[in-house]
Amino acid sequence: MSLVLGIDTGGTYTDGVIVDLQSKQILNKAKALTTREDLSIGIRNCINNLKYEDFQNISAVSLSTTLATNAIVEGRGCEVGLLMLGHDVNGTLPVKHYSVLPGGNDIKGRHLAELDMEQTRQAICELKGKVDAVAVSGYLSVRNPEQEVAVMNMVHETLDLPVVCAHQLTTSLGFYERTITAILNAQLLPIIADLLTSVEKVLVEKGIKAPIMVVKGDGCMMSETLAREKPIETILSGPASSIIGGTFLTDTDNALVFDMGGTTTDIAILKNGVPRINQEGATVGGWLTRVQAAQIYTYGLGGDSYIQLTPEGKIQVGPQRVWPLSVVAHQYPRLVDELNMKFEVNYNLMFAQATDCFMFLKRTTNEEFNELEEEVIRILQDGPRSYYYLTQRLEVDPNLLNLQHLVNLGVIARISVTPTDILHAKGIYTQWNREAAVKGVGILAHRMGKNPDEFIELAAKQIVFELCYTCLQSMVSCEGKDIRLKNDPTAMYFLEKALSPDEGQGFACAYKIKIPIVGIGAPVRAWLPQVAEKLNTKLILPEYAEVANAVGAATGKIMETVKALIKPGEKDGTYLMHAPWERKLFEGLDEAVSYALEETKRRAALEAEKAGAKEFELVVNCDHVYTHTGMIENGDVYIETRIEVTAVGRPEWERQEAKEKFFVDLVEC
């Protein structure tokens, strides 16, 4: 048997499955709460819940995760210092510490300015003690990586910190997007490293001696080593796994795959059994990256979304993720008593909801905190406390106690009312502490001037409305329309008429999605029947829907692509090769193409081996681009040669007797 242990670590739950790849049978499944303070606890609990003992026959462990996506959406991660070479960016950056230094290249890879070694070294020294990792991004470094490599070496010499270079992550143009990609990759280094270390720890305890693979955002797989170097590749890993798992568990080729987790709802549109690949790069948390991934539409809406009352007294769901009151109070029942101590109804809170509580996770950065923050950390180390309790204990005005900074850094977590609590209060789902959910709902209802049942109904309607919106917005985006429905009052008017109709409205309208919805994730059975009814479409909830991400993790393939570009040189008859590893000049086109092909194939093979492929084939695409003009005698002018080599293979654990073939469609550069 070829048995794979698939694990999906999400923001709320860690899912596990044992899959027999030969028979395509799911032998065991299990779930456990994700424990952010120590991921190994949740992973260990999940494996224990599998009730499986034959660990010596496990061929491999395959991981998918939403941790990277969630961290970006929530603005978490380590503190990063950015060094930009040759140019500033036009746009905001997710960093506080950055410098713009001399350097950069032109479109042919020539240096616009030489590095100022002294100024660069000074900028590096100024980052000491302020950051946990460094990102280096040079202007047009994809045409010549030399300066980025030099600065990387200087950082290694000066600071004992990990360094990420933009050219290592993408060959695409777009200085701003490439810089964002490098920053986010650096921010995610400790998050994915923590996950992998936690998995390794539990595998050793269980005596599982098998290689670890990680699902990338395009649904392909990579080795543990590569995941540690390029954690940015794991953004949308969880949703990509849900697509693979959804297609594995159903026979539906055309569908809207709807993956609802704790933090986000992720949607992909399947056509002929495959999702579109986003060639421009994945957008997560509002940041456009240059990471190739499946075209997945991500929304800050899930089972653990923060339910708040706006200053106008309306119910808002998400996008921030918090811990459900019912879940935390299950372990710490004293929170129920603390929820009896309430703020006055007419007291307006600027930085929190009256239901908010907080718990300590862990110190994750070198950053120093102010005296008030340090005292909060000290108090919470003895267990979770309500916001009201903290303000009374610290004798501080509630509107002077803003804890969002500590939440963003992952030092503490916010606990409050969520859709999970709404289900507990309704009595539909009672796995955790229902009393805490009822208390939280009662507090918000009272502040809104409603009774609890009225509040529950209004909150449920808002959740269903938001879920319907995600489906419709995804369909609009899939058709290539750059329309944000929520930014268009006319569109929202008709959406509300259809999705949240009033009894006395003069006319009604409706929407229909012409493809079925495939529901994936633990909360979908509670919410999607109402969504499908409002959108007049079929709902498919496959067996094992609640662990489909783990199923997808266990059934993926490996595909590694390496690209090179050849352009005319500065002198007639010369040619420049631009590649992630070097810029090289040639005297003839044939020589340039021959060298680029061989080197690209060699590096694709190395990448496939590094990613964990045992056997693979190389798919080569060499495209010569000319333009036609009547101004010269032969009429054709050489523009460039695009070389793309993709190594397609199976993970190392799969048996050689598995001979099935599969095809890869390459998209032109």
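This is a short conversation about reading a sheet, its helices and a few surface residues in a predicted model.

Reader: Let's start with the sheet. In what order do the strands of the open sheet come, and is the pairing parallel or antiparallel?

Author: As a general idea, strands of a sheet pair through backbone hydrogen bonds, either parallel or antiparallel. Here, 4 strands form an open sheet in the order E6-E5-E7-E8, and the pairing is parallel. At the edges sit strand E6 (97-101) and strand E8 (163-165), each pairing on one side only. On average, neighbouring strands of this sheet are turned by 15 degrees against each other, direction ignored.

Reader: Over how many bridges do strand E5 and E6 pair?

Author: Strand E5 (residues 80-85) pairs with E6 over 5 bridges, in the parallel sense. To find one by eye, go to Leu83: its bridge partner in E6 is Ser99.

Reader: Which strands does helix H5 lie across?

Author: Helix H5 (residues 175-206) lies across E5, strand E7 (133-138) and E8, and runs at about 165 degrees to E7. Helix H3 (residues 117-125) lies across E5 and E6, running at about 180 degrees to E6.

Reader: Now the surface. Why is Phe494 called partly exposed?

Author: The term covers values between buried, under 20% relative accessible area, and exposed, over 50%. Phe494 is partly exposed because its relative accessible area is 36%. This residue is found in helix H16 (residues 489-499), and together with Tyr493 and Phe507 it makes a nonpolar surface patch of about 280 Å².

Reader: And where is Glu457 found?

Author: Look in helix H15 (residues 452-478). Glu457 is also partly exposed, with a relative accessible area of 47%.

Methods:
Residues numbered from 1 in each chain as written. Predicted model: local features only at pLDDT ≥ 70, side-chain atom pairs only at ≥ 80, totals over all residues. Heavy atoms only, no water. Helix = DSSP H or I, 4+ residues; strand = E, 2+ residues; numbered from the N terminus. Buried < 20%, exposed > 50% of the residue type's maximum accessible area, 1.4 Å probe, protein only. Patch = residues over 30% accessible without salt bridge, like charges linked within 9 Å, V, L, I, M, F, W, Y side chains within 5 Å. Areas by Shrake-Rupley, 256 points an atom, 1.4 Å probe, with all protein chains shown as cover. Salt bridge = Lys/Arg side-chain N within 4 Å of Asp/Glu carboxyl O. Pairing = 2+ DSSP bridges. Axes fitted to C-alpha atoms, helices over the stretch in contact; angles between N-to-C directions. Contact = heavy atoms within 4.5 Å.
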